[in-house]
Amino acid sequence: MIPELGHFALWLALGIAAVMGTLPMLGAHRNRGDWMALARPSARALFALVGFAFLCLAASFVGNDFSVLYVASNSNSTLPLHYRITAVWGGHEGSILLWLLMLTFWSFAVASFSKHLPEKVTARILAVMGWLAFGFLLFVLATSNPFDRLFPVPSEGRDLNPLLQDPGMVIHPPMLYMGYVGLSVAFAFAVAALIGGNLDAQWARWTRPWTTAAWIFLTLGIALGSGWAYYELGWGGWWFWDPVENASFMPWLVATALIHSLAVTEKRNSFKNWTVLLAIVAFSLSLLGTFLVRSGVLSSVHAFATDPRRGLFILAFLVIVIGSSLALYAWRAPSVGLGARFALLSRETLLLGNNVLLVVACGAVLLGTLYPLALDAMNLGKISVGPPYFETVFVPLLTPLVFLMGVGPLSRWKHAELPDLASRLKWAAGATVAATLLAAWLKGGIGIVGAVGLAMAFWIVASLVTDLFERLRPAGGVRTGVLHRARQIPRAVLGMMLAHFGIAVFIFGVTMVRTGEVERDVRMAIGDTTEIGETVFTFRGVREVAGPNYRALRGRVEVTENGKPVTTLYPEKRIYPATQTTLTEASIEPGFTRDLYVSLGEPANGGAWIVRVYVKPFIDWIWGGCLLMALGGLVAATDRRYRAKVRATSTASITAGASPA
Amino acid sequence: MKPRHKRLAVAAGVVVAVGAAAALVLNAFQSNLVFFYSPSQIAAHEAPEARTFRLGGMVRQGTLKRDGIRADFIVTDTAKEIPVRFEGILPDLFKEGKGVVAQGQLKDGVFIAHEVLAKHDENYMPPEAAEALKRAQKGNQKLAETQK
């Protein structure tokens, strides 16, 4: 009964989405207030219905209802309760339902937090989101119904993929989807503005917090996925340039460009065409990612669908959404206008540089991801593009980007002077060179790439300090305390600084890992030791232990640093009987300056094992940096001016000279 | 400079930057493509000697030998086979009689693998491995037809 209720709720939701997609849009066109007023209640009803369907599916999982095909394929009665709940999005149907839930949640959020927007704008935005929800609901109902029944009813389910039985997997998909789908808000704002023809600084101000919010989730989602890969896949890497990862990274790159371009549009009423295009492209890449990951085109842990109808449906949806939005863009964009002019050297130009670099980086990832697929689809042979390509491309693209990151925030809008910038940044440049030389001398053997990486991290920090110093320095004869001046810094600026600092931390982490990590695969008999620098790993053998739904061989590895015992690591080799799969569970001792990582390979003769022993310096800084970026986004998105009521005229251009991006 | 010239300069700058970036990207792309070869193609000397490529096929039953951390095994596409050597830990789902993809270089008739690719699902056959078997089957059929 519960699954049928859920299924019925989805059909009702389809009807409501159709209403939400049409009447408010027509109402905005014909000035009919009663039609436009339908948008908000529809968005709320849609969220309630899809939420209800989602709860129905969750209830079937909790109650071990194996008469539901999806539950039988992705759960098992021995699966612990918390993983039975997260198994809801452990397969194709449920994860699409989660996607849908996120989409309706965002529409609900827009409906609730758009009181300050004109009625017409809200109606159009929600209508666009209604169409997206309609498309995905149709997809669920036509090809991926999670409530399909199974007859005869099996006595036991097939269990959740053991790789997904992990706390990281509990939050990674919802976070990532929040980000993916959150970009639909920026998309809807862009399409609504193109239809309504009201693309201005005000529009950018409305769009910014939503885009930043989506970007925060996307950042966290990607970081969580990377962290999961690091400790769960058992070979200690944190990014593999796997097509699935690229699928999430591309929207991130474009969304980052969009955040910066929106700043120009808000402050200077410039870059309007470009901003709208970025908003469309960012969401299109999210859809492309969904298509790549869910259609079975790519084979990986994420590819559940083997039904070609699903791939075709998403592809058709993709073509319709991207095609029609680009057509709308081509039709309406020429009337948008170019906006305020700016000098050759100005913050606008520097942000344009940022955008070009980010988009080129995204293009490079797109090429490396799609080219092998295209070649394969046309039967022209099988090739693969590995990490060396992406690394070769990213270092030269990232270097100028990071350089601009230091200069941009210090330069003026509209017109900047080179001598002025140079004199303000000379201390930062000097400090960067000195710190890099010092680090290279202290550590030794970091190579050119390592030195460039460290210099980038130091440059960001040094220019941030310069920026902060200039803001806190008493100016213009006004005697106020440092604290007072610190409070004067708008949250948007603090957020930017925090996010840029996060990038510095991230780059520092990546550089240290790349130049200093030690990976050893060794055969160890009981009592054998392996030394990496001053760290000594002693293998103490393996014994059998039982988990709730698996058996495991648990190794014991004692670790000492400089002769003092630090920790004992317990790497496991697990066997899940329900799926007959083996899983390597690495054991990690995390630390501020290094991670110790041990995982079990295979048994060798005589009680010995092949053991993988890693020391990864500063690797946690990679995720720490991502966390700081997300935190910066949060601070920026809660800036007071986004919550302010609409003023009759935009004051953006008046305050532009003083206030930053 | 007049505003028009400034705009031109910005546009030219963007074009140059994008052009340089595109050249960089395409060059890196060209030199980092990894091609795929089946054991039959390697036997027919189609695979390059000093370049990294991917090999796909099945691990032949009973051929996996371990010596310390070194693993030797034979990859077959049912028509031809090729010995593979790998130093390190094989992925969890590596099994004799199952599909495998290895990336590495050919040296004196032995494929020295730098990487044996992990699969996420045991029912799933790596597309490269499936392709190798398919090609070999086609080859066998052709062979049978010519012999008729």
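**Figure 1. Chain B as a whole, in a predicted model.** Among contacts in chain B with a separation of 6 or more, 58% link residues 24 or more positions apart. The chain holds three helices and seven strands. Read from the N terminus, these elements follow the order α-β-α-β-β-β-β-β-β-α. Chain B has 148 residues, and 31% of them are buried.

**Figure 2. Strand 4 of chain B and its cover.** This strand spans residues 70-76. Is it mostly covered or mostly open? Mostly covered: of its seven residues, five are buried. A residue counts as buried when 20 or more other C-beta atoms lie within 10 Å of its own. The next three views follow the pairing of strand 4 with strand 2, strand 3 and strand 5 of chain B.

**Figure 3. Strand 2 against strand 4 in chain B.** Strand 2 covers residues 53-59. It pairs with strand 4 of chain B in the antiparallel sense. Two bridges make up this pairing. Look for Val59(B), which sits opposite Val75(B) of strand 4. Strands of a sheet pair through backbone hydrogen bonds, in either a parallel or an antiparallel manner.

**Figure 4. The hairpin of strands 3 and 4 in chain B.** Strand 3 takes in residues 65-67. It runs antiparallel to strand 4 of chain B, and three bridges join the two. Arg66(B) faces Ala71(B) of strand 4 across the pairing. Two residues lie between the strands of this hairpin. In the turn, Gly68(B) has a positive phi of about 65 degrees.

**Figure 5. The hairpin of strands 4 and 5 in chain B.** Strand 5 is residues 81-87. How many bridges pair strand 4 with strand 5 of chain B? Seven, in the antiparallel sense. Val75(B) has Ile82(B) of strand 5 as its bridge partner. Val75(B) also stands opposite Val59(B), from the strand 2 pairing. Four residues separate the strands of this hairpin. There, Thr78(B) takes a positive phi near 75 degrees.

**Figure 6. An open four-stranded sheet in chain A.** The strand order is 2-11-10-9, and the pairing is antiparallel. Strand 2 (518-524) and strand 9 (587-589) of chain A form the edges, each pairing on one side only. On average, neighbouring strands of this sheet are turned by 20 degrees against each other, with direction ignored.

**Figure 7. Strand 2 beside strand 11 in chain A.** Strand 11 covers residues 609-617. Strand 2 of chain A runs antiparallel to it, joined by seven bridges. One residue pair to find here is Val518(A) and its bridge partner in strand 11, Val615(A).

**Figure 8. Where chain B touches chain A.** Chain A gives 36 residues to the contact and chain B gives 31. On the chain B side, helix 1 (3-32), strand 1 (33-37) and helix 3 (127-147) are the elements that give two or more residues. Which of them gives the largest share? Helix 1 of chain B, with 13 residues. By class, this side of chain B has 20 nonpolar, four polar and seven charged residues.

**Figure 9. Strand pairing across the two chains.** Strand 1 of chain A is residues 383-385. It pairs with strand 1 of chain B in the antiparallel sense, over three bridges. Val385(A) stands opposite Leu33(B), which belongs to strand 1 of chain B.

Technical notes: Residues numbered from 1 in each chain as written. Chains lettered and ligands numbered in written order. Predicted model: local features only at pLDDT ≥ 70, side-chain atom pairs only at ≥ 80, totals over all residues. Buried ≥ 20, exposed ≤ 12 C-beta atoms within 10 Å, placed from the backbone. Pairing = 2+ DSSP bridges. Axes fitted to C-alpha atoms, helices over the stretch in contact; angles between N-to-C directions. Contact = placed C-beta atoms within 7 Å. Nonpolar A, V, L, I, M, F, W, Y, C, P; charged D, E, K, R; others polar.
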